[in-house]
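Colleague: I am new to this structure and would like a close look at one part of it, with its surroundings brought in wherever they help. Could you choose a part and take me through it slowly?

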Amino acid sequence: ISPNGCVIIDETPMFLSVDDLLKMSTENTVELLRNELEIQRKLLEEKWHFCSLERIFIEKRIYRDIEECETWGAVLTTIDKGLYPFKSQLKQEVAEDDLVRLTEIKIKRISKFDSLKADEIIANIEVNMDEVKNNLSHLTEYAIRYFNQILKNHGKGRERRTVISQF
């Protein structure tokens, strides 16, 4: 019995040992984990950005300035001008989509806005961002924890039930 497995790599069949297969699989999993963490980091950065914009928009009462505007372009320009002094606090540029999202905030949400709760949400996002950045910088350790978690969730009590026997 040959312990080598036949796998197709770049449309070419290759015979690899179990060690090589495990190494390739692990490297692939680590790369997938890296991609997943990068996506998570980007999502957290976008969430932080919009929460910060929303907080500034409501706390500085920029929404009141748009009441006199007559055109959609004037509304967006007014919001952009209102945010200008606070752009240094943001980590990325304010896009037109961000301005449009700010106009979609409902009055009910503005009236019930709680500054302390908003600060708490932003702080939680920052903690999560730090954790993701730490996981990215220590990817090998993160992958080991990931595999250990899989073993913990699917290992004990799920031992092999089949028996290897001769044919």
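Modeller: A residue is called buried when its relative accessible area is under 20%, exposed when that area is over 50%, and partly exposed in between. This is a predicted model, and Phe147 shows how the terms apply, since its relative accessibility of 33% makes it count as partly exposed. The part I would choose is helix α1, which runs over residues 18-59.

The length of the helix is a good place to start. At 1.5 Å a residue, the 42 residues of α1 should span 62 Å, and the end C-alpha atoms are 60 Å apart, which agrees. Just after α1, Arg61 takes a positive phi of about 55 degrees.

Next comes what α1 packs into. The largest nonpolar core of the model holds 19 residues, and Phe57, Ile79, Leu83 and Leu102 are those with the most contacts inside it. At least two residues of this core come from each of α1, α2 (72-83) and α3 (96-103), and α1 gives the most, with five residues. As a general background, nonpolar side chains in soluble globular proteins tend to be buried together. Ile79 gives a view of the packing within this region: leaving aside neighbours within four places in sequence, Ile79 is in contact with Phe57, Ile62, Ile66, Leu99, Leu102 and Thr103. There is also a second, separate core of 13 residues, and Leu37, Ile122, Met129 and Ala143 are among them.

Phe57 deserves a moment of its own. At 1% relative accessibility, Phe57 counts as buried, and its ring is paired with that of Tyr63, the centres being 6.1 Å apart and the planes at 55 degrees, so the pair is tilted. Tyr63 also counts as buried, at 16% relative accessibility. The structure holds two aromatic pairs, and the other is formed by Tyr146 and Phe147, edge-to-face, with 5.7 Å centre to centre and 70 degrees between the planes. Tyr146, at 35% relative accessibility, counts as partly exposed.

Three further residues of α1 are worth following one by one. His49 is found in α1 and counts as buried at 3% relative accessibility; not counting residues up to four places away in sequence, His49 touches Leu90, Gln92, Glu93, Val94 and Asp98. Two charged side chains lie over rings as well: Lys91 is placed over the face of Trp48, at 4.5 Å from the ring centre, while the charged end of Arg101 sits over the ring of Phe50, 3.7 Å from its centre.

Arg55 is likewise in α1, and with a relative accessible area of 18% Arg55 is buried. Beyond residues up to four places away in sequence, Arg55 touches Lys60, Gln89, Phe113, Ala118, Asp119 and Ile122. Of these, Ala118 and Ile122 are also among the buried residues of α5.

Glu59, again in α1, counts as partly exposed at 32% relative accessibility. With residues up to four places away in sequence set aside, Glu59 touches Phe113 and Ser115, and its side chain makes a polar contact of 2.4 Å with the side chain of Ser115. Glu59 and Ile110 are 51 residues apart in sequence, yet their C-alpha atoms are 9.2 Å apart in space.

The helix α5, residues 115-137, is therefore a fitting place to finish: its 23 residues should span 33 Å at 1.5 Å a residue, and its end C-alpha atoms are 33 Å apart, which agrees. At the start of α5, a side-chain oxygen of Asp114 reaches to within 3.3 Å of the backbone nitrogen of Leu116. The buried residues of α5 are Ala118, Ile122, Ile125, Met129, Val132, Asn135 and Leu136, and what covers them includes α1 together with α6 (139-154).

Technical notes
Residues are numbered from 1 along each chain as its sequence is written. This is a predicted model: local features need pLDDT of at least 70, side-chain atom pairs count only at pLDDT 80 or more; totals for chains, interfaces and linings use all residues. Side-chain values use heavy atoms; hydrogens and water are left out. Helices (H or I, at least four residues) and strands (E, at least two) are DSSP runs, numbered from the N terminus. The expected span of a helix is 1.5 Å times one less than its number of residues. Buried means under 20% relative accessible area, exposed over 50%, partly exposed in between (1.4 Å probe, protein chains only). Contact means heavy atoms within 4.5 Å. A polar contact is a pair of N or O atoms within 3.5 Å; within protein, one must be able to donate a hydrogen and the other to accept it, and residues adjacent in sequence count only if both atoms are side-chain atoms. A nonpolar core is a set of buried Ala, Val, Leu, Ile, Met, Phe, Trp, Tyr and Cys residues joined through side-chain atoms within 4.5 Å. Rings of Phe, Tyr and Trp (its six-membered ring) pair if their centres lie within 6.5 Å; planes under 30 degrees apart count as stacked, over 60 as edge-to-face and the rest as tilted. A charge sits over a ring if NZ of Lys or CZ of Arg is within 6 Å of the ring centre and within 35 degrees of the ring normal.
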